[in-house]
Amino acid sequence: MPSTLEDLLKMLRRNQGNNRLAVFPVFQKNRSAYDLDLIRLAYDYAENAHRGQSRKSGEPYIIHPLETAITLAQMGMDQATIIAALLHDVPEDTNYSLVDVEKNFGSEVAILVGGITKLGVIKYRGMEKYAENLRRMFISMAQDIRIILIKMADRLHNLKTLDALLPEKQQRIARESLEIYAPIANRLGMGFIKGELEDLAFPYVFPKDYQWMQQEIMPQIKIQMAYIDKIIKLVEHELHQEKIKIVSIHGRAKRLFSLFQKLKRPQYNGDVSKIYDLVALRIIVPTVTDCYSTLGVIHHLWKPVPNRIKDYIAQPKPNGYQSLHSTVFCLEGKIVEFQIRTPQMHEQAEYGIAAHWHYKETNKNPKKLQEKGYNLPKKLKWIEELVAWQKEIQDNEQYLDTLTIDFFKNRIFAFTPRGDVIDLPEEATAVDFAYHVHTWIGDHCTGAKVNGAMASCDTILKSGDVIEIITDKNRKSPSRDWLRFVKTQAAKGKIRSKLLK
Ligand code: MN
């Protein structure tokens with residue numbers, strides 16, 4: 001019998017005839033908080049529901065939810081998240097409904113599974129100007145942050161199996177991952193997920209550039225790696241002399257897509273020799289004090305490049321990232337970037353918000369946590385991050401007229417037939433939608449098609465509805481009656497001003 005969640009999921013995966021497993025470096029601890037019987041039950045339920053279905057790759061369908069659950073387990077997510085991941089495609093793709101899921105696994109799991117299904121309506125159709133809108137929609141429709149994490153793990157596996165899909169679908173999913181998913185992962189501080197999403201999508205979206213990177217840049221990364229290995233030996237020796245314990249010391253090659261983006265900037269112009277963090281030397285030490293001591297040792301060995309010391313421990317990045325960075329004139333006159341952090345900072349940098357669940361269950365002493373480099377205040381960090389994001393969006397004047405403070409709650413999102421997202425207050429009607437799209441369309445609105453079916457002007461819209469406004473160019477003015485049901489100030493104002501003319 002498997003005794004840990006990890007073992008159980010691995011065993012289930014092996015039973016499905018494939019033992020290829022991604023191994024996450026950080027979350028390998030036993031987690032007593034899981035009810036393995038219940039998780040096994042959820043697996044059996046999903047397996048039964050999906051029986052007979054296969055993925056486009058030919059694999060049994062259950063592999064997909066199982067891989068999704070494994071990713072989340074390795075991120076240290078809680079039990080409800082693991083179960084919801086196993087069940088995440090059940091209501092949409094099988095004969096079992098969300099009500100069935102709730103009956104069997106309770107409301108918490110059902111809320112998560114229902115959330116995944118809802119997010120399924122968001123599709124990026126390649127118009128950059130709507131990308132930020134879609135990201136906001138994504139966040140606000142997911143009322144529980146765990147829904148976003150499941151969606152990320154779901155997307156990771158879909159990208160890994162993208163080969164089996166038709167080119168058109170490959171493009172949409174890969175672009176959507178770059179434009180919507182990766183920026184959200186980044187905003188939530190999940191460096192590992194962001195990097196994986198980008199590097200998996202890269203060859204599909206920019207095949208030529210990807211090939212160029214493979215052929216021209218990869219060899220240089222390898223050379224730099226070998227050089228860094230020499231430095232590691234030296235640093236190890238010095239830190240040992242100073243009695244600083246090393247948790248890990250390794251060369252970190254920059255992610256391919258992020259390197260590609262950096263190379264495109266005018267100041268680099270494709271010249272990889274100007275990029276100092278092509279391979280950075282990363283040192284993980286037990287405490288914050290050790291971080292500063294280590295930096296001292298490095299600077300004693302090699303002169304720092306002026307203005308390149310960054311103390312993200314004292315001043316974390318907006319997404320919570322913490323580390324000390326310094327670039328030095330190193331051996332053979334080469335320039336090398338060092339990144340120094342504690343294991344907890346590392347965990348946060350890689351898993352961001354997801355690290356919170358890990359932290360919540362394994363550590364209780366805030367003083368100790370701070371010394372280890374956990375930068376989580378009493379309030380949940382991710383709430384602050386979302387609030388910061390909200391502010392950032394509000395600062396962008398483009399959205400000022402449509403935003404209200406409570407946009408996380410009382411907003412709905414509807415689509416134009418082209419897939420553009422229109423966000424409106426709850427209970428907004430077809431007329432509100434029409435005025436939001438264009439004043440002329442509002443003034444000449446005679447009805448709407450909601451998801452293909454004819455509907456009246458006062459129809460209340462729901463998130464995910466596709467709305468086509470029917471107009472009549474001979475219509476002289478809007479109806480005074482509309483003022484009784486429209487919800488947005490914009491529509492009210494425009495109707496009044498037109499009626500006054
Ligand atoms: Mn899925």
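**Reading strands, helices and a metal site**

Modeller: Let's start at a hairpin: Val450 stands opposite Ala453 in β9. Keep in mind that you're looking at a predicted model.

Biologist: Okay. In the hairpin of β8 and β9, how many residues lie between the strands, and which residue takes a positive phi?

Modeller: There are 2 residues between those strands, and Asn451 is the one with a positive phi, near 50°. Going back along β8, you'll find Ala448 opposite Ala455 in β9. In total, 3 bridges join β8 (residues 445–450) to β9, and the two strands run antiparallel.

Biologist: How do I go from a hairpin to a sheet? What is the order of the strands in the open sheet that holds β8, β9 and β10?

Modeller: The general idea is that strands of a sheet pair through backbone hydrogen bonds, in a parallel or antiparallel way. You then follow the partners across. Here the order of the 3 strands is β9-β8-β10, with antiparallel pairing. β9 (453–455) and β10 (467–471) have a single partner strand each, so they stand at the edges, with one side of each lacking a neighbour in the sheet. Ignoring direction, neighbouring strands are turned by 30° against each other on average. Helix α18 (residues 430–437) packs on this sheet, where it touches β8 and β10, and its direction makes about 85° with that of β10.

Biologist: And on the β10 side, how many bridges join β8 to β10?

Modeller: You'll count 5 bridges there, again between antiparallel strands. To find your place, look for Gly447, whose bridge partner in β10 is Ile470.

Biologist: Let me try another sheet. Which order do the strands β1 to β5 take, and what is the pairing?

Modeller: Those 5 strands make an open sheet in the order β1-β2-β5-β4-β3, and the pairing is mixed. At the edges you have β1 (248–253) and β3 (310–311), each pairing on one side only. For one antiparallel pair, take β4 (residues 324–329) and β5 (residues 335–341), joined by 6 bridges. Within that pair, Ser326 has Phe338 in β5 as its bridge partner. Helix α13 (residues 288–301) packs on this sheet and touches β2 (279–284), β3, β4 and β5; the helix direction makes about 5° with that of β4.

Biologist: Now helix pairs. How are α9 and α10 oriented to each other?

Modeller: Read the angle between their N-to-C directions first: anything over 145 degrees counts as roughly antiparallel. Helix α9 (residues 167–187) and helix α10 (residues 191–205) pack at about 155°, with axes 9 Å apart. α9 and α10 are therefore roughly antiparallel, and their crossing is left-handed. The residues in contact include Leu178, Tyr181 and Ala182 of α9, which meet partners in α10 such as Leu197, Ala201 and Tyr204. Sorted by class, the contact has 10 nonpolar, 4 polar and 3 charged residues.

Biologist: What about α11 and α12: at what angle do they pack?

Modeller: About 95°, for helix α11 (residues 207–241) and helix α12 (residues 256–264), with their axes 11 Å apart. The roughly perpendicular range is 65 to 115 degrees, and α11 and α12 are therefore roughly perpendicular to each other. From α11 the contact includes Trp212, Met213 and Ile217, and from α12 it is made by Leu256, Leu259, Phe260 and Leu263. The classes come to 10 nonpolar, 1 polar and 1 charged.

Biologist: How far apart are the axes of α11 and α13, and at what angle do they pack?

Modeller: The axes lie 10 Å apart and the angle is about 120°. α11 and α13 are therefore oblique to each other, and the crossing is right-handed. Val235, Glu238 and Leu239 of α11 meet Thr294, Val297, Ile298 and Leu301 of α13, giving 5 nonpolar, 1 polar and 1 charged residues.

Biologist: Last one: which protein donors does the manganese ion have?

Modeller: Look for N, O and S atoms within 2.8 Å of the metal. Here they come from His64 (NE2), His88 (NE2), Asp89 (OD) and Asp154 (OD), at 2.2 to 2.4 Å from the manganese ion. In sequence these donor residues are spaced H-x23-H-D-x64-D. His64 in helix α3 (residues 63–74) and Asp154 in helix α8 (residues 145–160) are 90 residues apart, so to speak a link between distant parts of the chain.

Methods:
Residues are numbered from 1 along each chain as its sequence is written. This is a predicted model: local features need pLDDT of at least 70, side-chain atom pairs count only at pLDDT 80 or more; totals for chains, interfaces and linings use all residues. Side-chain values use heavy atoms; hydrogens and water are left out. Axes are lines fitted to C-alpha atoms, for helices over the stretch in contact, and angles run from 0 to 180 degrees between N-to-C directions. Helices (H or I, at least four residues) and strands (E, at least two) are DSSP runs, numbered from the N terminus. Angles under 35 degrees count as roughly parallel, over 145 as roughly antiparallel, 65 to 115 as roughly perpendicular and the rest as oblique. A crossing is left-handed if the near helix is turned anticlockwise from the far one by less than a right angle, and right-handed if clockwise. Contact means heavy atoms within 4.5 Å. Ala, Val, Leu, Ile, Met, Phe, Trp, Tyr, Cys and Pro count as nonpolar, Asp, Glu, Lys and Arg as charged, and the others, Gly among them, as polar. Two strands pair if DSSP finds at least two bridges between them. Donors are N, O and S atoms within 2.8 Å of the metal (3.2 Å for Na, K and Ca); water is not among the atoms, so sites may look incomplete.
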